[in-house]
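Trainee: I'd like a close look at just one part of this one, please, the part where the backbone pairing happens. Take me through it slowly, and tell me how the rest of the chain fits around it.

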Amino acid sequence: MNLDYLGNLGHSIVQDKQDRIYIEKGNGTKLSDVKMFTFEPHICLPGSLYGFKQEDIYYFEKGKLKRL
């Protein structure tokens, strides 16, 4: 279950917050179309009292996914 109050799972890394592209339902942007992005699911099992959130930053180098 996604606990994020905006319903997304991450976003592009940009200088201006207004330019962020969010990983969310209905977004057709490819992750490879942005320079860097974060994947930060805030999730829990249905009915659970506790959730989990971890943020990692990723980018593509020569077609391969890399993590900072």
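Mentor: Let's settle one word before we start: a strand here is a DSSP run of E at least two residues long, and strands are numbered from the N terminus. With that in hand, we can place Asp56, which lies in strand β5. Keep in mind throughout that this is a predicted model.

First, the setting. The protein chain has six strands and zero helices, so to speak of its pattern along the sequence is to say β-β-β-β-β-β. Its C-alpha trace spans about 40 × 25 × 20 Å along the principal axes. Of the 68 residues, 19% count as buried. If you take contacts between residues at least 6 apart in sequence, 33% of them join residues at least 24 apart.

Now the part you asked about. Strands of a sheet pair through backbone hydrogen bonds, and they can do that in parallel or antiparallel fashion. Here we have an open sheet of four strands in the order β1-β2-β5-β6, with antiparallel pairing. At the edges sit β1 and β6 (64-67), each of which pairs on one side only. On average, neighbouring strands of this sheet are turned by 25 degrees against each other, ignoring direction.

Walk across it from the β1 side. β1 (residues 10-12) meets β2 (residues 36-39) through three bridges, in the antiparallel sense. If you want a landmark for that seam, find Gly10, whose bridge partner in β2 is Phe39. Step on from β2 and you reach β5 (residues 56-61), joined to β2 by four bridges and again antiparallel. The landmark there is Met36, which has Tyr59 as its bridge partner in β5.

Pause on β5 and go back to Asp56. Is this residue buried or exposed? Anything under 20% relative accessible area counts as buried, and Asp56, at 16%, is buried for that reason. Leaving out its neighbours within four places in sequence, Asp56 is in contact with Phe37, Thr38, Phe39 and Arg67. You've already met Phe39 as the partner of Gly10.

The last seam is β5 with β6, antiparallel over four bridges. Here Glu61 stands opposite Lys64 in β6. The two strands form a hairpin with two residues between them, and in it Lys62 takes a positive phi near 55 degrees. That's worth a second look: most residues other than glycine have a negative phi. Lys62 is not a glycine, yet its phi is positive, at about 55 degrees. Lys62 is found in the loop between β5 and β6. With the cut-off for exposed being over 50%, Lys62 counts as exposed because its relative accessibility is 84%.

One more stop, for the surroundings. The largest pocket holds about 180 Å³ of space. Among the residues lining this pocket are Leu3, Tyr5, His11, Lys17, Glu40 and Lys53. The lining divides into five charged, four nonpolar and three polar residues.

Terms used. Residues numbered from 1 in each chain as written. Predicted model: local features only at pLDDT ≥ 70, side-chain atom pairs only at ≥ 80, totals over all residues. Heavy atoms only, no water. 1 Å grid on protein atoms, 1.4 Å probe; cavity = no way out; pocket = protein on both sides within 12 Å on 5 of 7 lines; lining within 4 Å. Points joined across faces, edges and corners; volume = space filled by probe spheres on them. Nonpolar A, V, L, I, M, F, W, Y, C, P; charged D, E, K, R; others polar. Pairing = 2+ DSSP bridges. Axes fitted to C-alpha atoms, helices over the stretch in contact; angles between N-to-C directions. Buried < 20%, exposed > 50% of the residue type's maximum accessible area, 1.4 Å probe, protein only. Contact = heavy atoms within 4.5 Å.
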